[in-house]
Amino acid sequence: MKCRHCGAELVLPLIDLGSAPPSNAYLTEQTLHAPEKYFPLRVLACTECWLVQTEDYAGADELFSADYAYFSSFSTTWLKHAEQYVTDMVQRFSLDATSHIVEVAANDGYLLQYAKARGIPCLGVEPTTSTANAARAKGIEIVEEFFGVRLARDLVIQGKQADLTAANNVLAHVPDINDFVAGFATLLKPTGVSTFEFPHLLRLVSENQFDTIYHEHYSYLSLTAVKRIFEHNGLSVFDVEELPTHGGSLRVYAQRADLGVRVASPNVAAILAREAAAGMASAEFYAGFQTRANQVKNDFLVFLIEAKRAGKTVAGYGAAAKGNTLLNYAGVRPDLFPYVVDRNPAKQEKFLPGCRIPIVAEAHLKRTRPDYVVILPWNLRGEVMEQLAYIREWGGQFVTAVPNIKIA
Ligand SMILES: [Zn+2]
């Protein structure tokens with residue numbers, strides 16, 4: 001396979017997670033009786049531009065099926081993050097009723113609702129019908145398409161150039177990263193700003209976050225790779241911040257390479273230097289990840305088996321992609337992990353793909369009173385522990401598996 005950005009042949013493996021169904025291909029009572037489609041889940045690093053990427057097997061159309069059911073507004077932490085983002089951007093870039101904000105991957109309007117509340121005209125781009133409809137219900141205008149140069153040109157023709165574009169947790173989800181990035185360079189006004197948030201590859205590798213790897217995630221990004229990809233597609237990076245979200249993310253600020261006048265903040269050089277010091281532009285950095293991931297997987301299995309032998313009961317919380325990667329890679333089935341609770345009614349009564357673990361409403365947890373609740377989205381550990389604090393009443397404990405098994 002050739003690199004999605006630079007076209008070099010990919011030869012350096014990061015990790016091989018076997019094969020798994022697409023992480024959002026939830027099953028129903030009916031589809032439980034049908035075969036599932038599995039795709040190899042293997043990640044490679046480009047030794048030319050250091051873009052880390054999933055080996056290409058499935059097309060975007062097949063992965064982002066109509067059943068794709070992730071609604072951003074189900075996480076209160078994420079909503080707070082979005083509201084703070086809008087507050088910060090309005091202040092920093094002096095946005096007002098004459099400005100225009102475009103969010104790509106606007107999901108259910110979790111972020112743009114705060115722009116709208118401030119009277120700032122905004123537009124969302126969201127190819128998933130169910131979430132797009134939820135955003136429209138909040139009064140937000142949505143274009144239901146995939147983003148790239150073609151759509152950006154259409155929007156410019158319609159007079160919808162942007163003072164600010166937001167793209168949170170989507171840069172890693174696009175198969176054609178060059179066309180996607182070039183779309184922002186096309187859409188921005190001369191003085192406009194594009195921000196991108198994505199999980200930081202430095203944290204992913206150093207903290208064993210192998211469960212953040214899944215098919216819908218085409219790229220795993222360092223600032224080193226992003227800066228290069230942006231420069232090749234008409235954007236220049238002028239600032240970067242580290243965020244605690246999703247196990248450690250970067251927020252990159254970019255402007256048009258041709259007309260942008262902002263001076264680069266020292267943060268850019270500082271993070272590039274840290275990545276260089278960690279060896280992210282050398283093969284050594286990527287070696288050893290598989291061994292560490294296997295250790296995490298094995299420790300998780302040992303926990304489940306020992307709990308079972310001790311007569312303890314286990315439940316899961318959070319039927320999201322992370323959990324699917326971990327459970328499928330570990331080969332866990334309902335005998336060891338009987339159910340997973342999720343607050344999203346669209347997921348309840350369904351089954352996790354591959355491992356076929358049933359997804360249930362929270363009431364089930366209160367009824368069965370398990371000894372352990374495994375928080376699959378470990379990045380929301382604090383939030384979930386607060387929400388489910390009542391499990392302490394029956395002596396319940398919380399468990400997270402990444403970066404290593406933790407029982408509290
Ligand atoms: Zn490359």
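Between domain 1 and domain 2 about 1,500 Å² of area is buried, and carbon and sulfur atoms give 60% of it; buried area here is the accessible area (1.4 Å probe) that two parts lose on being put together, summed over both. On the side of domain 1, F74, F210 and D211 supply 45% of the area buried against domain 2, more than any other three residues.

This is a predicted model, in which local features need pLDDT of at least 70 and side-chain atom pairs count only at pLDDT 80 or more, while totals for chains, interfaces and linings use all residues. Residues are numbered from 1 along each chain as its sequence is written, and side-chain values use heavy atoms, with hydrogens and water left out.

The domain assignment, automatic or from a database, gives domain 1 as 72–286 and domain 2 as 290–407, and their C-alpha centres lie 30 Å apart. The contact (heavy atoms within 4.5 Å) takes 16 residues from domain 1 and 19 residues from domain 2. Across this interface the rule finds zero salt bridges, a salt bridge being a side-chain nitrogen of Lys or Arg within 4 Å of a carboxyl oxygen of Asp or Glu.

Turning to helix 8 (residues 223–232), its buried residues (under 20% relative accessible area, 1.4 Å probe, protein chains only) are L223, A225, V226, I229 and F230. These residues lie on the same side of helix 8 because they cover an arc of only 155° around the axis, taken from the directions from the helix axis to the C-beta atoms. Their cover includes helix 6 (177–187), strand 8 (188–199), strand 10 (235–243), strand 11 (249–256) and helix 9 (266–278), where helices (H or I, at least four residues) and strands (E, at least two) are DSSP runs numbered from the N terminus.

Conventions: Buried means under 20% relative accessible area, exposed over 50%, partly exposed in between (1.4 Å probe, protein chains only).
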